[in-house]
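Visitor: I have a structure on my screen and I'd like to learn how to read it. Could you walk me through it, one feature at a time?

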Amino acid sequence: IHPRRGDVVIRLVNPHGVVSVLTERHGDLHSNMEWMFHTVHFWGEANPTGVWKLEVDDQIRSGRGRVEWVRLSVYGY
């Protein structure tokens, strides 16, 4: 939860260090309790096993935002 969703940067990092930016800092100053993001950045990933990281960065360093839960759905074969 963050009072200004435009101040939050979210990145998904695969086990090999490849980064997909899910959202960058932007001018949306509204609050939103649930955000959904999609990425096709990792299509064709040869070996997706290992530790994946979700990086959440509050660009204004307000300390007012927090992550309450995350769900990651992976589709493929």
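Guide: Let's start with a term: strands are DSSP runs of E, at least two residues long, numbered from the N terminus. With that in hand, S20 can be placed in strand β2. Keep in mind that this is a predicted model.

Visitor: Okay, how many helices and strands does the protein chain have?

Guide: The count is zero helices and three strands. Following the sequence, you read the pattern β-β-β.

Visitor: And in what order do the strands sit in the sheet?

Guide: Pairing is what you look at here: two strands pair if DSSP finds at least two bridges between them. In this model the three strands make an open sheet, ordered β2-β1-β3, with antiparallel pairing. The edges belong to β2 and β3, each with a single partner strand, so each has one side without a neighbour in the sheet. From one strand to the next, the twist averages 25°.

Visitor: How many bridges join β1 to β3?

Guide: Six bridges do that job, and the two strands run antiparallel; β3 covers residues 53-58. If you want to trace the pairing on screen, I10 has V56 as its bridge partner in β3. Another pair to click on is V9, whose partner in β3 is D57.

Visitor: What about β1 and β2, over how many bridges do they pair?

Guide: Four bridges, again in the antiparallel sense, with β2 spanning residues 19-23. One pair to look up is V13 with V19, its bridge partner in β2. These two strands form a hairpin with five residues between them, and in that hairpin G17 takes a positive phi near 90°.

Visitor: How do I judge whether a strand is enclosed?

Guide: Check relative accessible area: buried means under 20%, exposed means over 50%, and partly exposed is in between. For β1, residues 8-13, five of the six residues are buried, so the strand is largely enclosed by the rest of the structure. Over the whole protein chain of 77 residues, buried ones make up 19%.

Visitor: Back to S20, then. Is S20 buried or exposed?

Guide: S20 counts as buried, because its relative accessibility is 4%. Leaving out residues up to four places away in sequence, S20 touches I10, R11, L12, T39, H41 and F42.

Visitor: And D57, buried or exposed?

Guide: D57 lies in strand β3. With 18% relative accessibility, D57 falls on the buried side of the 20% cut-off. Its contacts, again not counting residues up to four places away, are D7, V8, V9 and R11.

Visitor: R11 turns up in both of those lists. Which side chain does R11 meet in a salt bridge?

Guide: The idea is to look for a side-chain nitrogen of Lys or Arg within 4 Å of a carboxyl oxygen of Asp or Glu. By that rule the count is one salt bridge. The side chains involved are R11 and E55, at 2.9 Å from N to O. This pair links distant parts of the chain, with R11 in strand β1 and E55 in strand β3, 44 residues apart. As for accessibility, R11 counts as partly exposed at 21%, and E55 is also partly exposed, at 27%.

Visitor: What share of the contacts comes from residues far apart in sequence?

Guide: Take the contacts with a separation of 6 or more: residues 24 or more positions apart account for 62% of them.

Visitor: Now the outside. How much area does the protein chain expose?

Guide: About 6100 Å², and carbon and sulfur atoms supply 54% of that. For something more local, find the nonpolar surface patch formed by L54, V56, V67 and V70, which together have about 340 Å² of accessible area.

Visitor: Where along the chain is V67, and is V67 buried or exposed?

Guide: V67 belongs to the segment after β3. Its relative accessibility is 51%, so V67 counts as exposed, the cut-off being over 50%. To relate V67 to the sheet, use V56: the two are eleven residues apart along the chain, and their C-alpha atoms are separated by 8.3 Å. You've already met V56 as the bridge partner of I10.

Key: Residues are numbered from 1 along each chain as its sequence is written. This is a predicted model: local features need pLDDT of at least 70, side-chain atom pairs count only at pLDDT 80 or more; totals for chains, interfaces and linings use all residues. Side-chain values use heavy atoms; hydrogens and water are left out. Buried means under 20% relative accessible area, exposed over 50%, partly exposed in between (1.4 Å probe, protein chains only). Patches are made of residues with over 30% relative accessible area and no salt bridge: like charges are joined within 9 Å, nonpolar side chains (Val, Leu, Ile, Met, Phe, Trp, Tyr) within 5 Å. Accessible areas come from the Shrake-Rupley method with a 1.4 Å probe; for residues, only the protein chains shown count as cover. Axes are lines fitted to C-alpha atoms, for helices over the stretch in contact, and angles run from 0 to 180 degrees between N-to-C directions. Contact means heavy atoms within 4.5 Å.
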